[in-house]
Amino acid sequence: MSAPQSQKHAKAVGGQELGRSRRLVVKIGSALLVDHARGAIHRQWLDALADDVAELMAAGTEVVLVSSGAIALGRRHLGLTQSGLKLEEKQAAAATGQIRLAHAYQESLARHDISVAQILLTLDDTEERRRHLNARSTLNTLLKMRTLPVINENDTVATSEIRVGDNDRLAARVAAMLGADTLVLLSDIDGLYSADPRQNPEADFIPEVAAVTPEIEAMAGIAPSDYSNGGMVTKLSAAKVATGAGCRMVITDGQRLHPLAAVMEGARCTWFLASVEPRTARKRWIAGSLKPSGKLRLDAGALSALRSGKSLLPAGVTAVEGEFQRGDAVLVCDPTGQEVARGLAAYSAADARRIIGHKSREIEAILGYRGREELIHRDDLVVS
């Protein structure tokens with residue numbers, strides 16, 4: 001197959017993959033969404049994007065947006081037009097701009113009867129175990145309710161020590177957190193080149209990347225302006241996070257109207273491939289990268305259910321050993337104490353001891369709150 005034919009084939013396959021995505025995260029750059037000279041939303045562009053999102057959601061794809069733009073919207077409103085804003089000035093601009101940003105999305109998506117929810121995250125929310133679980137649970141609930149989450153870094157409270165630093169990497173962390181299968185970075189460039197095409201017109205376009213190697217990283221340029229913390233360096237960092245979690249990623253030119261539809265129709269872009277599926281990547285992480293904090297012992301019925309692919313319910317657990325918190329890794333053992341699985345506990349050891357041997361419908365009466373029906377959900381369980 002010739003080079004042009006190969007690129008055409010990659011485009012067609014990529015477009016099909018985007019349309020078949022089960023869960024899609026889309027990162028939107030500030031330069032695409034906001035007219036920085038006026039401090040106003042590019043309304044026509046946003047409406048076209050909303051049309052694309054509505055079409056994907058109607059086809060069954062769960063969509064999450066990670067959007068820049070709050071500081072750019074707020075700074076003009078506050079008269080902060082100088083370059084090099086202080087941290088507190090950026091935070092003040094973000095506080096003002098977030099209201100305008102959320103309203104713009106709400107107004108545009110309302111044309112399709114799509115509800116919008118605003119989520120503000122910091123680095124700690126994606127790394128600290130309990131906050132990670134809470135954020136993940138909230139986002140999953142919103143998606144089940146056919147609501148579109150719009151996420152941004154919580155610039156009003158995040159200091160340099162707890163910042164992700166840019167929405168490319170934040171989007172990748174969100175994609176990994178949610179087990180998304182596709183991440184789209186809408187940018188002002190149509191993909192990866194062998195060198196910065198603004199500096200080197202002879203740079204070669206790279207349509208597909210199987211792995212982010214040092215050679216690939218050497219192709220990155222620098223961030224283009226004071227309004228952006230991004231650039232190709234952060235996009236490649238995002239690719240490493242996303243593909244490592246089993247999520248393929250695409251960089252495409254978002255400046256055109258209907259940018260997602262354009263990708264599905266074969267517009268030029270760079271695809272970063274994941275070697276495993278999101279669920280497989282998560283299962284590998286649970287199986288090999290976590291140190292178990294406790295142990296659950298099962299009866300014969302629960303063991304049989306586990307091996308048939310079902311979740312672990314409290315009724316089938318006979319004993320709880322060790323001390324652990326919700327979200328910690330635990331060993332799952334058969335009646336003789338032999339390890340048969342490991343997973344992430346949905347309850348602390350203290351609460352687990354109170355509900356084992358009971359039916360799931362009794363959990364609320366025992367604990368005083370309504371938690372999950374499962375002690376370990378099958379998505380958080382790896383059977384040996």
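Here is a short walk through the two open sheets of this predicted model and the helices that pack on them.

**Stop 1: the eight-stranded sheet.** Colour the strands by number and read across: the order is 5-6-4-1-7-11-12-10, and the pairing is mixed. Now pick out 115–121 and 208–209. Those are strand 5 and strand 10, the edge strands, each pairing on one side only.

Next, select 248–253 together with 269–272. You have strand 11 and strand 12, an antiparallel pair held over four bridges. Zoom in on T252 and you'll find C269 of strand 12 opposite.

Then add 129–144, which is helix 7. Helix 7 packs on this sheet and touches strand 1 (23–28), strand 4 (62–67), strand 5 and strand 6 (147–153). Line up helix 7 with strand 6, and their directions make about 145 degrees.

**Stop 2: the five-stranded sheet.** This one is open too, with mixed pairing and the order 14-13-15-16-17. Select 317–322 and 381–383: strand 14 and strand 17 each have a single partner strand, so one side of each has no neighbour in the sheet. Neighbouring strands here are turned by 20 degrees against each other on average, ignoring direction.

Go to 294–298 for strand 13, which runs antiparallel to strand 14 and is joined to it by five bridges. Look for L298 opposite V317 of strand 14.

Two helices to finish. Helix 12 (278–288) packs on the sheet, touching strand 16 (339–344) and strand 17, at about 115 degrees to the direction of strand 16. Helix 13 (300–307) also packs there, touching strand 13, strand 15 (329–333), strand 16 and strand 17; its direction makes about 105 degrees with that of strand 13.

Technical notes:
Residues are numbered from 1 along each chain as its sequence is written. This is a predicted model: local features need pLDDT of at least 70, side-chain atom pairs count only at pLDDT 80 or more; totals for chains, interfaces and linings use all residues. Side-chain values use heavy atoms; hydrogens and water are left out. Two strands pair if DSSP finds at least two bridges between them. Contact means heavy atoms within 4.5 Å. Axes are lines fitted to C-alpha atoms, for helices over the stretch in contact, and angles run from 0 to 180 degrees between N-to-C directions.
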